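User: Could you walk me through this structure, one piece at a time?
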Amino acid sequence: MSSSLIPNEQRRRPAGTELSLRWRSSRHARRLLTLGLAGLFIATIARRPEFAGVAAPALLLLAAGRGQRRPPTINVRVRPSARRAFEGELVALDVAAEGQGEYGVRWTLHPGEQIEPAGAAAADGPEARFTVSCERWGRRQIGTMDVVLRDRWRLAEGHLTVALPRLDCYPAPAQQRTTVVLTRLPNRLGEHPARTFGEGIEFAGVREYVPGDRQRSINWPASTRRGRLQVNTFAAERSQDVVLIADATSDVGEPGSSALDLALRGAAAAARVYTDARDRVGVITYQWGGASWLAPGLGRRQVYRIIDSMLASDTGWTRGESFRRLPRAALPPGALVVIFSPLLDQRFVEALRDMRERGFTMLVVDVLNAEPPVRRRMPSRGGLGGSSLPRGARGDGSPRSRGGLGGSSPPANTDRMARRIWRMEQEAIRFSLRELGIPVVHWDGAESLDLPLAGYTRRPLVASGSTGFR
Amino acid sequence: MSRSFGPLTIGPLTVGPVDAASAGVRVGAGLIGAGCVVWAALLPVHQGLADFALFLAIFGVAAGALRLALAGVPVPENSFLLPWPLRAWLGFLETLRKVPWEEGALIAVLWLEVLHPARPWHTAVLGAALIAYLLATHLAESGASPGVLRPQVRVLAIGAGLLALGAGAGMLPAAGPGAGSALLRLVAAGALIAAAGLVLPYVARHDAQDRG
């Protein structure tokens, strides 16, 4: 039979998997058997026929339900509506069974880690649809599906378990609409107005007409004033290379809004907004001195490649290329480098300084929103003296931080001092980067990325070093 | 028409909305079970560990009803790093769901009934109530509608007839003195059950044809 003769419905239907069933008696059948056997036993022992009558309905029900043929296998089809989804996005899961005969089918979904069913987790019928959503990014197993076949009398049950496919859960991109543009852009057609004249649409100035200029670009008011023909000039429109660096070394903070979560969400948002602006975007995922990278590219598909690249390297301990010896394809000269990092790894900070000295224009988005946890301590004999600091408390002069509640014990002072030193170190790191000309902005993950970047998106960011671009 | 009662919160776990119909079936199962215990315990006896049997019956029915009431409570996939009250609660739920409480209650109720002197019609009513208890428990735990019992109506009718015949056989005066007469009646009841079992496939087939 040629494929053109196959009906569309059959052609679209994917082949299922033939799975064997494990048959056993239901709880209902076991209870009936208990009643029947107990009644017969008592009737025999006590020689009271009324107990045989008590056993009769249960035994008859059991006998009547035994006549049906049990299928040894059934064909199960599982089809998710998507293999990729963003955090919180709903994914439908269609399941269907064939070959079960007169038996009723019950589906029970057991969601995997970080997978949340959006509706009912159990359904009856040969076909069913479940809806799930992914709570946190990562490569997730949707879970398992328990299939139970029941006969008409509900005395026998056939069980099987189906492993559901994997779902690539992408980090939900943060909100970002504006882009940071460099002052020097490569000579490549794009959408950012450059400082050179060209064939763009943004007005750049007026000059005297020379033969060959388009007639439509003549500025008649200026020509009338000066007495000679004047033409409008426009800014050239060019694109830029953007390299996103996601620091995957430290995952600190509350799960769901940790530094790594924010780094991936921010990088996903940046990838989307820069590719929408026709820029070439690449990504480097930094991990403990090593890095995995994806060369800059164009288009919507590049966004998914970038997120896939970041997800593939989320283990935190894998080593790719050395971060200091990245090839030119991964880090093109003159590219805008946007870094999402909590700046906790000293080697990473040193690498940033090194990149700056090599002439890259960088912008750091600080995603650190956590502090070292406070040690828990039992209360001292004095009562309040040994109480520990609450989580997130700052030594900013509040009564507790000043030891105002009945005095502080020496360990509490040590903790407070340690936290203060840690904060000063973090501030020093950021200060040193700013001194080198690397802007550092803080992002808390809740607000739009446009807000912390506002100071750098209103006007072009001055490109440093000699890149050869104009 | 069914009515929703909204989510039920038990400790840190939340149960989904409880359907009024399924809640009614669960309550009904518990009430029928309680009725069976009361019926079997009428006219108290004080022999053969009757008090212990009564305790077992009450405990089994109560635990079975509690199992049905907590059937919708979800259990987390991973129980690592949970606080001990929650772990104790999960252990309690697991025990409640694994132990066959209804079977224990059935045996205890029959034990209680057999301790009484012969009262065939009383026993027949108890048998009907026990079957009703099992069917109600089955409906409550499977969430099925009572319509799923429709194919079993004929078999249940035959079973009810046999139940009545058994009670009638129990009420017949003994043909003669001694244990042989009682044994004869028992054999007659067994023969009735066997005959019904032989007829049953034809009844079930006829019922399947009607359904088809």
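Analyst: What follows takes chain A and its sheets, then the contact between the chains, then one helix.

User: Before that, what kind of model is it, and how is it numbered?
Analyst: This is a predicted model, in which local features need pLDDT of at least 70 and side-chain atom pairs count only at pLDDT 80 or more, while totals for chains, interfaces and linings use all residues. Residues are numbered from 1 along each chain as its sequence is written, and chains are lettered from A and ligands numbered from 1 in the order in which they are written.

User: How many helices and strands does chain A have?
Analyst: Chain A has 9 helices and 22 strands, where helices (H or I, at least four residues) and strands (E, at least two) are DSSP runs numbered from the N terminus.

User: And how much of chain A is buried?
Analyst: Of the 470 residues in chain A, 36% are buried; a residue is buried if 20 or more other C-beta atoms lie within 10 Å of its own, exposed if 12 or fewer, and partly exposed in between, with C-beta atoms placed from the backbone.

User: Which strands make up the sheet with order 1-3-5-9-7, and which stand at its edges?
Analyst: That order belongs to an open sheet of 5 strands in chain A with antiparallel pairing, two strands being paired if DSSP finds at least two bridges between them. Strand 1 (17–20) and strand 7 (115–117) of chain A are at the edges, and each has a single partner strand, so one side of each is left without a neighbour in the sheet. On average, neighbouring strands of this sheet are turned by 35° against each other, direction ignored, with axes being lines fitted to C-alpha atoms (for helices over the stretch in contact) and angles running from 0 to 180 degrees between N-to-C directions.

User: What does strand 5 of chain A pair with?
Analyst: Strand 5 of chain A is joined to strand 3 (residues 73–80) of chain A by 6 bridges, running antiparallel, and A:Val76 has A:Ala97 as its bridge partner there, while A:Arg79 stands opposite A:Asp94. Strand 5 of chain A also pairs with strand 9 (residues 127–134) of chain A in the antiparallel sense over 7 bridges, and A:Leu90 has A:Ser133 as its bridge partner.

User: Which of its residues are on the covered face?
Analyst: In strand 5 (residues 90–98) of chain A, the covered face holds A:Val91, A:Leu93, A:Val95 and A:Ala97, whereas A:Leu90, A:Ala92, A:Asp94, A:Ala96 and A:Glu98 form the uncovered one.

User: Switching to the contact, how many residues come from each chain?
Analyst: Chain B gives 44 residues and chain A gives 32 residues, with two residues in contact if their C-beta atoms, placed from the backbone, lie within 7 Å.

User: Which helix of chain B gives the largest share?
Analyst: Helix 7 of chain B does, with 13 residues of the side that touches chain A; helix 4 (101–114), helix 5, helix 6 (153–171) and helix 7 (179–211) of chain B each supply at least two residues.

User: Then helix 5 of chain B, why does its length agree with what is expected?
Analyst: At 1.5 Å a residue, the 23 residues of helix 5 (residues 120–142) of chain B should span 33 Å, and its end C-alpha atoms are 33 Å apart, which agrees; the expected span is 1.5 Å times one less than the number of residues. Helix 5 of chain B is mostly covered, with 17 of its 23 residues buried, and B:Gly143, whose phi is positive, near 70°, follows helix 5 of chain B.
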